[in-house]
Amino acid sequence: MDHNKIVEDRNKVYGDIDESAVAIAILSEAFKQIGHRAKREYELSFRGHLTCVAYKLSRFLRNPKHEDSWVDLVNYLMFAWNSENKGNKFKVVFEKEWEP
């Protein structure tokens with residue numbers, strides 16, 4: 001597969017990759033600061049999942065109608081919950097035809 005085609009397709013859906021990286025960094029830092037202000041240290045896995053949440057949120061800034069990003073966001077939030085709440089698993093059932 002042609003690498004340039006992949007990047008071109010990605011940019012059409014999500015916009016410039018460098019702008020996305022800046023948005024991810026800003027959102028990720030905000031999560032870190034919130035934890036610091038709450039005087040709470042989170043497990044590395046939890047922070048990792050929140051970084052993935054920031055990644056998906058940054059994509060919504062460019063294309064909030066991309067269904068795959070919504071599915072991923074729900075799953076990353078579930079992973080974060082499970083990471084912080086060991087033994088108390090949270091399961092999300094996401095149906096394609098679900099309407100808010």
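Tutor: Because pLDDT is the predictor's confidence in each residue, on a scale from 0 to 100, it is a sensible starting point for this predicted model. The chain averages a pLDDT of 76, and 73% of the residues score at least 70.

Student: Which elements of the chain have the lowest and the highest mean pLDDT?

Tutor: Helix α1, residues 3–14, has the lowest mean pLDDT, at 69, whereas helix α4, residues 67–84, has the highest, at 85. Where pLDDT is low, the predicted coordinates should not be read in detail.

Student: How many helices and how many strands are there in the chain?

Tutor: The chain holds four helices and zero strands, and from the N terminus on its elements therefore read α-α-α-α.

Student: Why are α2 and α3 called oblique to each other?

Tutor: The axes of helix α2 (residues 17–37) and helix α3 (residues 44–60) come within 8 Å and cross at roughly 135 degrees. Angles over 145 degrees would count as roughly antiparallel, and 65 to 115 as roughly perpendicular; the crossing at roughly 135 degrees belongs to neither class, and α2 and α3 are therefore oblique. The crossing of these two helices is, in addition, right-handed.

Student: Which residues make the contact, and how do they divide into nonpolar, polar and charged?

Tutor: On the α2 side the contact is made by Ser 20, Ala 23, Ile 24, Leu 27, Ser 28 and Phe 31, and on the α3 side by Leu 50, Thr 51, Val 53, Ala 54, Tyr 55, Leu 57 and Ser 58. Sorted by type, the residues of this contact comprise nine nonpolar, four polar and no charged.

Student: What makes Ser 58 count as buried or exposed?

Tutor: Ser 58, whose place is in helix α3, has a relative accessible area of 2%; buried means under 20%, and Ser 58 is therefore buried. Leaving aside neighbours within four places in sequence, Ser 58 is in contact with Ser 20, Ala 23, Ile 24 and Leu 27.

Student: How do you know whether Leu 50 is buried or exposed?

Tutor: Leu 50, also placed in helix α3, has a relative accessible area of 18%, and since the cut-off for buried is under 20%, Leu 50 is therefore buried as well. Its C-alpha atom is separated by 6.7 Å from that of Ala 80, although the two residues are 30 apart along the chain.

Student: What percentage of the residues of the chain count as buried?

Tutor: Of the 100 residues of the chain, 22% count as buried.

Technical notes:
Residues numbered from 1 in each chain as written. Predicted model: local features only at pLDDT ≥ 70, side-chain atom pairs only at ≥ 80, totals over all residues. Heavy atoms only, no water. Axes fitted to C-alpha atoms, helices over the stretch in contact; angles between N-to-C directions. Parallel < 35°, antiparallel > 145°, perpendicular 65-115°, else oblique. Left-handed = near helix turned anticlockwise from the far one by under 90°. Contact = heavy atoms within 4.5 Å. Nonpolar A, V, L, I, M, F, W, Y, C, P; charged D, E, K, R; others polar. Buried < 20%, exposed > 50% of the residue type's maximum accessible area, 1.4 Å probe, protein only.
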